[in-house]
Amino acid sequence: MYIGHFGFALAGKGLRRNAPLWLLVLATQGCDWVQAVACVVAPAGASAIWSHSVPAVAALAVTLSLASYLLTADGRVAALTGAVAVSHLLADYVTGRKPTWPGGPTIGLDLYSYPLGDLALEMAVLILGWRLYRRSLPPESRSSGLIWALLVVLGATQLLGVLKEQVFPHTLKCM
């Protein structure tokens with residue numbers, strides 16, 4: 001899942017207005033950022049173990065939950081931050097194939113093999129999260145151009161990603 005992850009962050013903000021959106025975005029993208037670093041420092045092919053395995057995601061979720069609590073002093077925001085971090089792995093199990101733990105099986109439904117199905121799911125997650133986020137805004141802000149631009153830009157980014165994979169299917173990937 002690519003842009004769909006942002007749907008989880010937006011939904012979290014919609015459910016908990018006092019949760020910093022930047023923190024929820026960090027939580028939902030954290031696994032991929034860890035993987036980007038691991039691609040540089042870890043042995044070839046091992047980056048997913050350091051970023052997307054169950055132990056790695058659990059460690060990231062705990063770390064981000066603690067950081068969230070230190071920043072907000074709100075246990076509910078901390079729990080939400082951890083849940084959003086864990087949502088990354090669960091979503092990736094639907095769209096791709098990820099390792100469970102070092103030496104464990106790689107699992108997933110691999111929806112990436114079905115680009116239109118992946119696009120439909122990612123857009124549905126994004127739109128649902130965006131709607132929850134939008135509903136949490138003051139009424140006068142709900143129809144602003146910026147709110148709609150957020151949805152359009154994220155949706156277009158997902159569409160471009162799907163098109164890129166169709167045109168350049170063998171681009172360099174770390175995993």
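A nonpolar surface patch of about 330 Å² is formed by Val37, Val40 and Val41. The model described here is predicted. Beyond this patch, the briefing covers helix α6 and its partners, helix α5 and the loop before it, His5 in α1, and two non-glycine residues with positive phi.

**Surface patch and helix α2**

- Helix α2 comprises residues 21-41, and Val41 lies in it.
- Val41 has a relative accessibility of 66% and therefore counts as exposed, the cut-off for this class being over 50%.
- Val41 shares the nonpolar patch with Val37 and Val40.

**Helix α6: geometry and buried residues**

- The 21 residues of α6 should span 30 Å at 1.5 Å a residue, and the end C-alpha atoms are 30 Å apart, so the two values agree.
- The buried residues of this helix are Asp118, Leu119, Glu122, Val125, Leu126, Gly129, Trp130, Leu132 and Tyr133.
- These buried residues of α6 pack against four helices: α1 (4-15), α2, α5 and α7 (145-167).

**Helix α6: individual residues**

- Asp118 is located in α6, which covers residues 115-135.
- With a relative accessible area of 4%, Asp118 is buried, because buried means under 20%.
- Setting aside residues up to four places away in sequence, Asp118 touches Thr95, Leu111, Tyr112, Gln158 and Val162.
- Leu119, also placed in α6, has a relative accessible area of 17% and is therefore buried.
- Not counting residues up to four places away in sequence, Leu119 touches Gln158, Leu159 and Val162.
- The C-alpha atoms of Leu119 and Gln158 are 7.2 Å apart in space, while the two residues are 39 apart in sequence.
- Met123 is a further residue of α6; its relative accessibility of 22% makes it partly exposed, a class that lies between the cut-offs of 20% and 50%.
- Apart from neighbours within four places in sequence, Met123 is in contact with Gly155 and Gln158.
- Met123 and Gln158 are separated by 35 residues in sequence and by 7.9 Å from C-alpha to C-alpha.
- Gln158 thus recurs in this group: it is among the residues touched by Asp118, by Leu119 and by Met123.

**Helix α5 and its start**

- Helix α5 (residues 75-95) has 21 residues and reaches 31 Å from its first C-alpha to its last, close to the 30 Å expected at 1.5 Å a residue.
- At the start of α5, a side-chain oxygen of Asp74 comes to within 2.8 Å of the backbone nitrogen of Arg76.
- Asp74 and Arg76 both appear among the contacts of Arg16, which also include Val77 and Leu80, leaving aside neighbours within four places in sequence.
- Arg16 itself lies in the loop between α1 and α2 and, at 24% relative accessibility, counts as partly exposed.
- Arg16 and Gln35 are 19 residues apart in sequence, yet their C-alpha atoms are 28 Å apart in space.

**His5 in helix α1**

- His5 is found in helix α1.
- The relative accessible area of His5 is 0%, and the residue is therefore buried.
- The side chain of His5 makes a polar contact of 3.0 Å with the side chain of Asp92.
- Residues touched by His5 are Thr28, Gln29, Asp32, His88, Ala91 and Asp92, not counting those up to four places away in sequence.

**Positive phi outside glycine**

- Ala73 has a phi near 55 degrees, a positive value in a residue other than glycine.
- Ala73 is placed in the loop between α4 (54-72) and α5, and at 59% relative accessibility it counts as exposed.
- Asp110 likewise has a positive phi, near 55 degrees, and is not a glycine.
- The position of Asp110 is in the loop between β2 (106-107) and α6.
- With 25% relative accessibility, Asp110 counts as partly exposed.

Technical notes: Residues are numbered from 1 along each chain as its sequence is written. This is a predicted model: local features need pLDDT of at least 70, side-chain atom pairs count only at pLDDT 80 or more; totals for chains, interfaces and linings use all residues. Side-chain values use heavy atoms; hydrogens and water are left out. Helices (H or I, at least four residues) and strands (E, at least two) are DSSP runs, numbered from the N terminus. Buried means under 20% relative accessible area, exposed over 50%, partly exposed in between (1.4 Å probe, protein chains only). Contact means heavy atoms within 4.5 Å. The expected span of a helix is 1.5 Å times one less than its number of residues. A polar contact is a pair of N or O atoms within 3.5 Å; within protein, one must be able to donate a hydrogen and the other to accept it, and residues adjacent in sequence count only if both atoms are side-chain atoms. Patches are made of residues with over 30% relative accessible area and no salt bridge: like charges are joined within 9 Å, nonpolar side chains (Val, Leu, Ile, Met, Phe, Trp, Tyr) within 5 Å. Accessible areas come from the Shrake-Rupley method with a 1.4 Å probe; for residues, only the protein chains shown count as cover. A salt bridge is a side-chain nitrogen of Lys or Arg within 4 Å of a carboxyl oxygen of Asp or Glu.
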